[in-house]
Amino acid sequence: MVYGFLLLLLACFFQGSFGLGMKKYQPFSWEAFWTIFSLVGILMIPVLWTWIEVPDFFSYIRQTPGDVLWTASICGFIWGISSIMFGKAIDTIGVSLTYGVNMGISASLGSLIPLFIFGNIPAAGSFTVLLIGTAIMLGGVVVITRAGLVKERMLAAASGGTGAGAGLSKGLIIASVAGLGSAAMNIGFSYASEAADIAVLAGTPRISASLISWVITLSGGFVANFVYALVLLIKNRTYRDYVAKGAGMAYLKALVTALIWYLALGFYAKATALLGPLGSVVGWLAFNGLSLIISNAWGLKDGEWKGFAAPKKLLLWGNVVLILSWIVVGIANSMA
């Protein structure tokens, strides 16, 4: 279990860091960047990594009931739509606030819904502690979101209130809806674990078989992301960005962002396999909570909170609350 939490920490670091690549990727347009990100991060790397560890993984997918595959893929498709909105929200309200709103909703719904769907509710003591940990985490997210609101009001006051409030409202709505879609991602992953179970029965180590769940779930996510970006690429004729001056660095940024993004999911999958019966519940809560702390650290380093002493203090307190929630969630897992 200790090894599982160490892998989860590594996954959180990657999850909290990949958003940096979604800023300042000129001369690429958003769709030029996203087309490469989708092709490499959502399709190629998951399939390649799974094939390396489980060469015959596709045979286990074929043995999985069709309704399971469709349900997981549809959840992935819903997440795909939300991931597009996540990228747009970062452009609108920044890394810290987007991660705060998105991950708060994603953590609570994405962890508890599978618990009830699959009837894997733990004993009363463990479940009570888990709910307390979830409540504390949501409290931390509220504090962090409050910090972002205070910061935006200060910006609006400094600029005479011209359009800042509208931009904030729009960004918060986009980030909130994206959070609902992000929750669907873990629901799909939980459904697709049936394919991983088949692989385990055939002798595949659980820690490797867990990767199969992402291949299934992300198939729907790839369709949503790639098709949308490709349509914009053709419509706006921004495919010319690929040969623009300075495009080399943009290519590199898209590829590195895709790699970091999937490293987070790959290590998360392995961590859930080692965390016991509540792996995808406790893991998803901790995954979102600690990733939020890391993303806030990057936001501070990137200067998003420079000159905003009061909201920055709120942000730091929110992170303290999140750390507390992570400890409580860990206790709930040990009791399960």
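Let's start in the loop between H8 and H9, where you'll find Arg237. Keep in mind that what you're looking at is a predicted model. Arg237 has an odd backbone: its phi is positive, about 55°, even though the residue is not a glycine. Is Arg237 buried or exposed? With a relative accessible area of 51%, Arg237 counts as exposed, because the cut-off for that label is over 50%.

Now step back into H8 itself, which covers residues 206–235. Its partner here is helix H2, residues 30–53, and the two axes lie 8 Å apart. The angle at which H2 and H8 pack is about 160°. Anything over 145 degrees counts as roughly antiparallel, so that is how H2 runs relative to H8. As for handedness, H2 makes a left-handed crossing as it passes H8. What sort of residues make up the contact of H2 with H8? Sort them and you get 20 nonpolar residues, six polar ones and two charged ones.

Follow the chain back from H2 and you come to the loop between helix H1 (2–17) and H2, which is home to Pro27. Have a look at the peptide bond leading into Pro27 from Gln26: this bond is cis, with omega near 15°.

Next, the inside of the protein. The largest nonpolar core has 74 residues. Which residues have the most contacts inside this core? They are Leu8, Phe28, Trp214, Leu218, Trp261, Tyr262 and Phe287. Helix H9, residues 247–274, gives the core its largest share, with twelve residues. Leu8 is a nice one to click on. Leaving aside residues up to four places away in sequence, Leu8 touches Tyr268, Ala271, Leu275, Gly283, Ala286 and Phe287. There is also a second core, separate from that one, with 14 residues. Among its members are Ala72, Ile198, Ala209 and Ile212.

To finish, find Ala158, which sits in helix H6 (residues 124–158). Buried or exposed, what is Ala158? The relative accessible area of Ala158 is 70%, so this alanine is exposed. For a sense of distance, pair Ala158 with Val227: 69 residues separate them in sequence, and their C-alpha atoms are 40 Å apart in space.

How values were computed
Residues numbered from 1 in each chain as written. Predicted model: local features only at pLDDT ≥ 70, side-chain atom pairs only at ≥ 80, totals over all residues. Heavy atoms only, no water. Axes fitted to C-alpha atoms, helices over the stretch in contact; angles between N-to-C directions. Helix = DSSP H or I, 4+ residues; strand = E, 2+ residues; numbered from the N terminus. Parallel < 35°, antiparallel > 145°, perpendicular 65-115°, else oblique. Left-handed = near helix turned anticlockwise from the far one by under 90°. Nonpolar A, V, L, I, M, F, W, Y, C, P; charged D, E, K, R; others polar. Buried < 20%, exposed > 50% of the residue type's maximum accessible area, 1.4 Å probe, protein only. Core = buried A, V, L, I, M, F, W, Y, C linked by side-chain atoms within 4.5 Å. Contact = heavy atoms within 4.5 Å.
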